[in-house]
Amino acid sequence: MPKILTVGEILVELVATTKGDGFRDAQPFFGPFPSGAPAIFVDQVGKIGGAAAIIGRVGDDDFGHLNIDRLARDDVDISGIEIAPGEVTGCAFVRYREDGSRAFLFTMHQSATAMLSVTPSGAALMESCDHLHIMGTALAAPGMADTALEALRRVKARGGTLSFDPNLRPELIDTPGMRDRLDKILAQTDIFMPSGRELFLFSNDKTEAHAVTDLLARGIREIVLKRGAQGASFFSSEERFDVGPVPVEEVDPTGAGDSFGGVYVALRLAGSRPADALHRANAAGALAVTRLGPMEGTSTNAEIDDFLKKQKALS
Ligand code: ATP
Ligand code: MG
C-alpha cells in the first residue's frame, strides 16, 4: 500500500459557541479539539486504513499530547512528530459569523510548529513514503515551508507523487514568501485540490473552464474542485464530471475539505477510479460538516458506507 506523508501544523482548535464577528468580547468556547489541516487530512487517511504519516512539531503540553494520542489511535505513523520541551502547541480560535464566514485567530507562528525542521525521524519518512500531500497553511511559517519543500524534493526524487490543497485562509495569503512557495509547489503538483475561488490562485483566467485548461496544460494530472455545500467536481484532460452534495445539516464546516482530501487521495493511490474516489470523498466531506470540531468529522469506511446506504434509502 502506498504510504502518504504530510507536513505541517498540528494545533488545537477552540470553537466559539456563539455567532458573531471575532473575539473582542468575553464569550464561551468549546474545545480543545485536535486540529491543523494536515493533521486532519492524515487522520482521515489513517481512519480508512491508508498508510499515513505526518511530520510536525508540538509542545510537551496537553494540547500536543491530545493530538498525538488521537493520531496514534487512528493508525497514523507519529514517528515524525517532534515534542519540543518548553514550547507550546499552537491554537486556532474560530468563530462563525452570521453569514457563515469564519473569523480565525491563530497562535501558530508563535508556537512549536513554527520552528519545524528536518529531524532524523522526519528525514526517514521522506525517504520511505510514496506520496506527499501539501496544505497551503503549512507554507505560512518558514520552518514548516522549508521542511515541506525538502519533503517534496526527496519524495519526488524517488519517483513519488504530490497532491496540493491550497487551503488558504484569507489571514495567511499575504504572508511574506507565500506566493513564491505556492508557485514552486504547483509546478510539481499531480493532484490539485482547490476549494472555490482557489481555482483562480494561479491563473488570470476569468472562467472556470479556462482556469482548468490552463492548469492541466501545466502538467497537473487531475483537479478536484471542492464546492462546499454544492458538492465537488473532477477535471482531467480525458474527462470532467460533478458530484452533487449529500444533503446534511451543517453544524461545523471546518475540516470538511481536509476529510474530503484524505479520502480522495488515499483511494486514488490505492487504485480507485476518480469517480469512485470522488463519490466517497464527497460523502466524507458531508459527514464532516455534521460534527462539531474539525477532526471529530473524520470517518471510518464503515461510517461512510452506512451514510451512503442511508442516503440511497432516502432518495
Ligand atoms: P476546509 O478548508 O474548511 O476544510 P474546504 O473549503 O477545503 O474546507 P469545502 O468545499 O468546504 O472544502 O468542503 C469539502 C467537501 O465537503 C465539498 O466539496 C463537499 O463534497 C463536502 N461538503 C462541504 N460542505 C458540505 C455541505 N454543507 N453539504 C454537503 N457536503 C458538503
Ligand atoms: Mg480547505
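In the first helix, α1, the residues Ala37, Pro38, Ala39, Ile40, Phe41, Val42, Asp43, Gln44, Val45 and Gly46 are buried, that is, under 20% relative accessible area with a 1.4 Å probe and protein chains only, helices being DSSP runs of H or I with at least four residues, numbered from the N terminus. Because 10 of the 11 residues of α1 (residues 37–47) are buried, this helix is largely enclosed by the rest of the structure. Just after α1, Gly49 takes a positive phi of about 90 degrees.

The model is predicted, with local features requiring pLDDT of at least 70 and side-chain atom pairs pLDDT 80 or more, while totals for chains, interfaces and linings use all residues. Residues are numbered from 1 along each chain as written, chains are lettered from A and ligands numbered from 1 in the order of writing, and side-chain values use heavy atoms, without hydrogens or water.

Around ligand 1 there are 24 residues, of which Ser195, Gly228, Gly231, Glu250 and Asn282 come nearest, a residue being counted if one of its heavy atoms lies within 4 Å. This shell divides into nine nonpolar, nine polar and six charged residues. Polar side-chain atoms of Ser195 and Lys226 lie 2.6 Å and 3.0 Å, respectively, from an oxygen atom of ligand 1, and a backbone N or O atom of Arg227 lies 3.3 Å from an oxygen atom of the ligand. The protein covers 93% of the 630 Å² of accessible area that ligand 1 has on its own, as computed by the Shrake-Rupley method with a 1.4 Å probe. The elements giving two or more residues to the shell are α7 (256–269) and α8 (274–289).

Key
Buried means under 20% relative accessible area, exposed over 50%, partly exposed in between (1.4 Å probe, protein chains only). A polar contact is a pair of N or O atoms within 3.5 Å; within protein, one must be able to donate a hydrogen and the other to accept it, and residues adjacent in sequence count only if both atoms are side-chain atoms. Ala, Val, Leu, Ile, Met, Phe, Trp, Tyr, Cys and Pro count as nonpolar, Asp, Glu, Lys and Arg as charged, and the others, Gly among them, as polar.
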